[in-house]
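Open the model in your viewer and keep the selection panel at hand. The stops below go from domains to ligand to one side chain.

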Amino acid sequence: MPYSTFDFTEEQVLMRDNVLGLMNRVLPPEKIAELDRERRFPREAYRALAENGWLSLPYDKAHGGMDASHKDLAVFIEALGYHHPGIRVSFMSTAVYGGLYLQNLGSDALKAELLTGMQDGSIRTAIAFSEPDSGSDAAGIRTRAVRDGDDWIISGQKVYVTNAHEADYLVVSTKTDPDAGRRGLSLFMVDTAQPGFEARPMDPLGSRSTLLNEVFFDDVRIPGNRLLGAVNGGWHGLMRGLNLERVLIAAAAAGGCIKIIEVAKNFVRDRQAFGKNLGEFQAVSHKFADMRMLMETARLVTYRTAAMLDAGEDAVTETAIAKVVATENNFKAADLGMQVMGAAGYVQGDMQRLFREARMGMIGGGTSEILRNVIASRMGI
Ligand SMILES: Cc1cc2nc3c(=O)[nH]c(=O)nc-3n(C[C@H](O)[C@H](O)[C@H](O)COP(=O)(O)OP(=O)(O)OC[C@H]3O[C@@H](n4cnc5c(N)ncnc54)[C@H](O)[C@@H]3O)c2cc1C
């Protein structure tokens, strides 16, 4: 990636080059296309991340991790997002989502039971918050958790749960006090091998190597120590990870912009029309300039926000801005990339896949509209 490095440290450059080298070996372009076509989880690449220790990156040293800063993680996720959104999403499902919920909210006993497996790749997780009648309105859920002696019984339905069909455990949001709104939410780590659990893969536009699922809980019994945080304290747990999640989705989108430009450039270099190379038409070359500006601004907002978070700033507005700008830029860049490739971009191939993948960023992890609400409300509007 011959682009600005925003004062990356030597270690960050090494990390980026190392993980990209690894991914080029275990997940070459033909394998990415195969996984997309066959809708398969990137198993070999995930194992390679585990074997090379990368699944420990986000955790505290005290929990066996590498204590990565926001910027370290942004560099890493940008590289994975550039290589293949499927491996980026798979990494985040466990190492950032499930793993950090466990690290930050789980009991010592639960951490002792699961954290090592999450870091060595033997345990994979996913997050199950969205429901058929409640997506953006995360407190409007209906899935119930009811105490039964020392256990909890979970019943209800979730939807759009990435990688649920591949996960060993799900972080599940539930209502433990149905009349208390946000104050009635609790989070649990649910073992997907329990009777009463079912995941049914869906048919999404993109994300085909990390399928979304409908998930059903039919009186799933789980031990009391699977509670994450306090009973009815789930809202606080959900909010705690938002800044990191949003800046990392922005980083992934920035990586997507870089890949789109590369694919489009490779195509245009060899393509002739009207006796000229395509790039000689100003209407085409300007689209490249636009893609470059989209990529540059996506990266600028990402790394500026990561630096603010590392400096301990509140940065709620900036993480919302980073996610909106970078994900919308990713989709605009994919649209331009497809246009400069003509029908070759529209039929199955890298650009078509990148276009499909780019669309998810503006919906998952807080829609562009909800984030605009956050930005405006913090402006006092
Ligand atoms: C690729 C992908 C992966 C996903 N992975 C997961 C996952 O692993 N786990 C999980 O739990 N969920 C996951 N989701 C679901 C995601 O979290 C939800 O799609 C998201 O929260 C929006 O909810 P919704 O789709 O129900 O849309 P809704 O909330 O119903 O919104 C529909 C539209 O209305 C707009 N809208 C809603 N409320 C407002 C408002 N107050 N102001 C302005 N506009 C509003 C939204 O912005 C959107 O445009 C995933 C989604 C995608 C696309």
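Which domains does the domain assignment of the protein chain give? Select domain 1 (10–123), domain 2 (126–232) and domain 3 (241–378). These bounds come from an automatic or database domain assignment.

Before going on, two notes. Residues are numbered from 1 along each chain as its sequence is written. This is a predicted model: local features need pLDDT of at least 70, side-chain atom pairs count only at pLDDT 80 or more, and totals for chains, interfaces and linings use all residues.

Next, show domain 2 and domain 3. Their centres, taken over C-alpha atoms, are 31 Å apart. Four residues of domain 2 are in contact with six of domain 3 (C-beta atoms, placed from the backbone, within 7 Å). On the domain 2 side, one is nonpolar, three are polar and none is charged. Nonpolar means Ala, Val, Leu, Ile, Met, Phe, Trp, Tyr, Cys and Pro; charged means Asp, Glu, Lys and Arg; the others, Gly among them, are polar.

Now select the ligand. It is surrounded by 19 residues (C-beta atom, placed from the backbone, within 6 Å). Label the closest: Gly135, Ser136, Thr162, Thr367 and Glu369. Strand S1 (125–128) and helix H13 (368–378) each give two or more residues to this shell. Helices (H or I, at least four residues) and strands (E, at least two) are DSSP runs, numbered from the N terminus. The shell has ten nonpolar, eight polar and one charged residues. Domain 2 and domain 3 each supply at least three.

Last stop: Phe355, in helix H12 (residues 350–358). Why does Phe355 count as buried? Because Phe355 has 21 C-beta neighbours inside 10 Å, and 20 or more is buried, 12 or fewer exposed, in between partly exposed, with C-beta atoms placed from the backbone. Add Ala334 and Met338: Phe355 is in contact with both, leaving aside neighbours within four places in sequence. Then pick Ile260, 95 residues from Phe355 in sequence but 8.6 Å away, C-alpha to C-alpha.

Key:
Two residues are in contact if their C-beta atoms, placed from the backbone, lie within 7 Å.
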